[in-house]
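Welcome! Let's walk through this structure together, one question at a time.

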Amino acid sequence: MKKRIELSPNIETLFGTRDENLHVLEDGLQVAIDLRSDSIQLEGAAQAVTRAQQVFADYEHLRRSGFTFSNGDLNSLLRVLTTDPKATLRGLAEAGRERSFGGRTVQPKSANQRRYLEAIEKHDMVFGIGPAGTGKTYLAVAMAISALLAKRVNRIILARPAVEAGERLGFLPGTLQDKIDPYLRPLYDALYDMLDPERVDRYLEKSVIEIAPIAFMRGRTLNDSFVILDEAQNTTSEQMKMFVTRLGFNSKAVITGDVTQIDLPSARRSGLLEAVDILKKVEGLTFIYFDESDVVRHHLVQRIIRAYDEHKTRAAEDQMSQPESRSNGKSHPASGPSPVPETQNPKPAVSPARTQADE
């Protein structure tokens, strides 16, 4: 099917830098878009051409009504539209415009981000699980600020486990707050991006907004609060159970984490992974999963996450093939050294007395 669309004034702003937005539509909707001097030619399956035509019509309507896109929002919305058959550009843009958080208006930039915001609105406890850069923490903080400013809650509590990312920082100087601040810096960044710094500082001083390690949550009952647990993959089983049982009346809890970046000692199982198994059938809470397509950072981040996922898959396949190789090796016992019976205890290279003396 072919369709011709007349060029309207300023329609070229839809195209994006180097026509990148048109490429998103072509790849996502499987249509060919041919730019001509006085028109746009669409070619493809009937349904795909109809959807592409609707995108141009929606953009013209939004432009005439005074709607403006910035910071790559249009490109992100087009990616959402191409992955969700029920989505329209007008619907996504107007839904995003209605969400005002402090001094900012935040638009969901992927289908999963939209489901995430809707889930937080509808449920009292939401788990947001996915890779870095998908907006899990940022959107949760935005929803918390929106609830606070609308007086639906009286305070915001932001918690995070104090676990180093693969390195030991040692003893940090300063007060207790100075020691824990480096672990909680991403939460501060989101707050200062949403609200004026003076307002954030005033809320922090009056404990309207509280930021603390998860260890400080024990024994508390959190009423009229919006509670966020960030980096939940680094909680232990005991910490996670303690946190999810803190929820009081008229409160919401959002738990975010990336199960591919667990910094706990290898012997400890992540409390987030355990919670997924235990709570998946509990009524009243929900899980939202993100993937690399939801990443809203530099486009290289999507490719990096995909590369790590592919490497993990290959490693798992190699590990599964190793037992088969070992079993094949056991069928020829003469070719390898004879195994040592389990009842035999080989003598240590150093006697116990010598070891004790050395110590």
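A salt bridge here is a side-chain nitrogen of Lys or Arg within 4 Å of a carboxyl oxygen of Asp or Glu. Please keep in mind that this is a predicted model.

Q: Which residue forms a salt bridge with arginine 114?
A: Side chains of opposite charge can pair when their charged atoms come close. For the partner of arginine 114, the closest N and O atoms are 4.0 Å apart. The two residues sit 4 residues apart in helix 5, so about one helical turn separates them. The partner is glutamate 118.

Q: Is arginine 114 buried or exposed?
A: The cut-off for buried is under 20% relative accessible area. Arginine 114 has a relative accessible area of 18%, so the residue falls below that cut-off. Its partner glutamate 118, at 28% relative accessibility, counts as partly exposed. Arginine 114, then, is buried.

Q: What span does helix 5 reach from its first C-alpha to its last?
A: Helix 5 covers residues 111–122, which makes 12 residues. At 1.5 Å a residue, 16 Å would be expected. The model comes close to that, with a span of 17 Å.

Q: Which residues of helix 5 are buried?
A: Arginine 114, from the salt bridge above, is one of them. Another is Ile120, which lies 7.7 Å from methionine 143, C-alpha to C-alpha. The full list is Ala111, Asn112, Gln113, Arg114, Tyr116, Leu117, Ala119 and Ile120.

Q: How many residues apart in sequence are methionine 143 and isoleucine 120?
A: Methionine 143 is found in helix 6, residues 136–149. With a relative accessible area of 8%, methionine 143 is buried. In space, its C-alpha lies 7.7 Å from that of isoleucine 120. In sequence, the two are apart by 23 residues.

Q: Which residue meets glutamate 231 in a salt bridge?
A: The N to O distance of this pair is 3.0 Å. The pair links distant parts of the chain, 71 residues apart: glutamate 231 is in the loop between strand 9 and helix 9, and its partner is in strand 7. Glutamate 231 counts as partly exposed at 24% relative accessibility, while the partner is buried at 12%. That partner is arginine 160.

Q: How many residues of strand 9 are buried?
A: Strand 9 runs over residues 225–229. On one side, Ser225, Val227 and Leu229 are buried, and on the other, Phe226 and Ile228 are buried too. Both faces are therefore covered. The count is 5 of its 5 residues.

Q: Which residue is the bridge partner of leucine 158 in strand 9?
A: Strand 7 and strand 9 run parallel. They are joined by 5 bridges. Within strand 9, the partner of leucine 158 is isoleucine 228.

Q: Which residue in strand 10 stands opposite leucine 229?
A: Strand 9 and strand 10 pair in the parallel sense over 4 bridges. Phenylalanine 226 stands opposite lysine 252 in strand 10. For leucine 229, the residue opposite is isoleucine 255.

Q: What is the handedness of the β-α-β unit that holds strand 9 and strand 10?
A: Between these parallel strands, the unit includes helix 9, residues 237–244. Together, strand 9, helix 9 and strand 10 make a β-α-β unit that is right-handed.

Q: Which residue of strand 10 is the bridge partner of isoleucine 129?
A: Strand 10 covers residues 252–257, and 5 of its 6 residues are buried. Besides strand 9, strand 10 pairs with strand 6, residues 125–129, in the parallel sense over 5 bridges. The partner of isoleucine 129 is glycine 257.

Q: Which residues make the nonpolar surface patch of about 180 Å²?
A: One of them, leucine 273, is found in helix 10, residues 271–279. Patch residues need over 30% relative accessible area. Leucine 273 has 31%, so this partly exposed residue passes that cut-off. The patch is made by Val259, Ile262 and Leu273.

Q: How many salt bridges does the structure hold?
A: Among them is the pair of aspartate 277 and arginine 269, with the closest N and O atoms 2.6 Å apart. Aspartate 277 is partly exposed at 41%, and arginine 269 is partly exposed at 44%. Elsewhere, Glu60, Arg63 and Arg64 are linked in a network of salt bridges. The structure's total is 10.

Technical notes. Residues are numbered from 1 along each chain as its sequence is written. This is a predicted model: local features need pLDDT of at least 70, side-chain atom pairs count only at pLDDT 80 or more; totals for chains, interfaces and linings use all residues. Side-chain values use heavy atoms; hydrogens and water are left out. Buried means under 20% relative accessible area, exposed over 50%, partly exposed in between (1.4 Å probe, protein chains only). Two strands pair if DSSP finds at least two bridges between them. A crossover is right-handed if, with the strands pointing away from the viewer, the path from the first strand over the helix to the second runs clockwise. The expected span of a helix is 1.5 Å times one less than its number of residues. Patches are made of residues with over 30% relative accessible area and no salt bridge: like charges are joined within 9 Å, nonpolar side chains (Val, Leu, Ile, Met, Phe, Trp, Tyr) within 5 Å. Accessible areas come from the Shrake-Rupley method with a 1.4 Å probe; for residues, only the protein chains shown count as cover.
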